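Here's a quick briefing to read with the model open beside you. Take it topic by topic and click along as you go.

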Amino acid sequence: MAETLKGKKVAVLATDGVEQVELTKPIQALRDAGAQVELISLKPGTIQGLNHLDKGDTFPVDKTVSEVSAADYAALVLPGGVANPDTLRTDEKAVQLVRDFIESDKPVAAICHGPWLLVEADVVRGRTITSWPSLRTDIRNAGGEWVDKPAQVDQKLLTSRKPEDLPAFCSKLVGMIGSAIEDTQLDRSVEMTFPASDPLAVQSPTAGISPGKHRDVESRPSP
């Protein structure tokens, strides 16, 4: 895979009870594309992954939610697992981090129960998203439209339903972040080529004329 995300940092927000494959597969896809991925959690140390209901591996936390901001990253990934987002959505800093990414118009991707954080952050209103089926009522109550699709993209918000959707989720995740980066670079290029007008450079027709020396063609006497 081409390193389309080389030099870009992506945050993955998770805690104990994360569905392991929904953590590892997106991280691997992002790293294969050249991205630097950091695992963000509620406290330092490690988090416990789950394979459905069975304990899986533990994963080292890179930073806590208190140490980061949306400005530090190009995108955010929200894995699922029931306990993981259920715990995160009770933490104000975690919820605010999700909200900040959405309000900054940066790519956010959530799978399975991950969209619970989107509901808690009140960012699904007017959007079309998917999730694990048991979340559809929560999403509709929060003002969103729920669809049953392997992967749903609404602007820069990507959602998927379950681990079986991971191939589509990972592919669209890398593509969405790459497109967002290209759009940002294009916007900056346009700004440099066509800078905003300097309001100080826009002068009135009488600029530079001293008081008492106004020219008034209409008031001059006829010859």
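What follows runs from the whole chain to its sheets, then to two individual residues and the empty spaces.

Keep in mind that this is a predicted model. The chain has 223 residues, and 44% of them count as buried. DSSP runs give it 6 helices and 12 strands, and two open sheets are described below, one of 7 strands and one of 3.

**The chain overall**

- The accessible surface adds up to about 12400 Å², with carbon and sulfur atoms accounting for 49% of that.
- Take the contacts between residues at least 6 apart in sequence: 65% of them link residues at least 24 apart.

**The seven-stranded sheet**

- Reading across, the strand order is E6-E3-E1-E7-E8-E12-E11, in an open sheet with mixed pairing.
- The edges belong to strand E6 (63-64) and strand E11 (151-154); each has a single partner strand, so one side of each has no neighbour in the sheet.
- Inside that order, strand E8 (residues 108-111) and strand E12 (residues 157-160) run parallel, joined by 4 bridges.
- If you want a spot to check this pairing, look at Val-108, which sits opposite Leu-157 in E12.

**The three-stranded sheet**

- This one is also open and mixed, and its order is E2-E4-E5.
- Strand E2 (18-19) and strand E5 (54-60) are the edge strands here; each pairs with a single strand, so one side of each is left without a neighbour in the sheet.
- Strand E4 (residues 46-51) runs antiparallel to E5, and 5 bridges hold the pair together.
- Leu-50 is a handy marker for that pairing, as its bridge partner in E5 is Lys-55.

**Pro-44, out in a loop**

- You'll find Pro-44 in the loop between strand E3 (36-41) and E4.
- Its relative accessibility is 64%, and because exposed means over 50%, Pro-44 counts as exposed.
- Beyond its neighbours within four places in sequence, Pro-44 still has contacts, namely with Val-61 and Thr-64.
- Pro-44 and Pro-60 are 16 residues apart in sequence, while their C-alpha atoms are 8.1 Å apart in space.

**Asp-32, in helix H1**

- Asp-32 belongs to helix H1 (residues 20-32).
- With a relative accessible area of 37%, Asp-32 is partly exposed.
- Glu-3 is 29 residues away from Asp-32 in sequence, yet the C-alpha to C-alpha distance is 6.9 Å.

**The second largest pocket**

- This pocket holds about 200 Å³ of space.
- It has 13 lining residues, and those nearest its centre are Glu-19, His-52, Gly-81, Val-82 and His-113.
- By type, the lining splits into 7 nonpolar, 4 polar and 2 charged residues.

**The cavity**

- Searching the whole structure turns up 1 cavity of 30 Å³ or more.
- The largest cavity contains about 40 Å³ of space.
- Its lining is made up of Ile-102, Asp-105, Lys-106, Arg-127, Gln-155, Lys-156 and Leu-157.
- Of these lining residues, 4 are charged, 2 nonpolar and 1 polar.
- Leu-157 comes up twice in this briefing: it lines the largest cavity, and it stands opposite Val-108 in the sheet pairing.

Note on methods
Residues are numbered from 1 along each chain as its sequence is written. This is a predicted model: local features need pLDDT of at least 70, side-chain atom pairs count only at pLDDT 80 or more; totals for chains, interfaces and linings use all residues. Side-chain values use heavy atoms; hydrogens and water are left out. On a 1 Å grid over the protein atoms alone, a cavity is a set of points where a 1.4 Å probe fits but cannot get out, and a pocket is an open set with protein on both sides within 12 Å along at least five of seven lines; lining residues have an atom within 4 Å of a point. Grid points are joined across faces, edges and corners, and a volume is the space filled by probe spheres set on the points. Ala, Val, Leu, Ile, Met, Phe, Trp, Tyr, Cys and Pro count as nonpolar, Asp, Glu, Lys and Arg as charged, and the others, Gly among them, as polar. Two strands pair if DSSP finds at least two bridges between them. Buried means under 20% relative accessible area, exposed over 50%, partly exposed in between (1.4 Å probe, protein chains only). Contact means heavy atoms within 4.5 Å. Accessible areas come from the Shrake-Rupley method with a 1.4 Å probe; for residues, only the protein chains shown count as cover.
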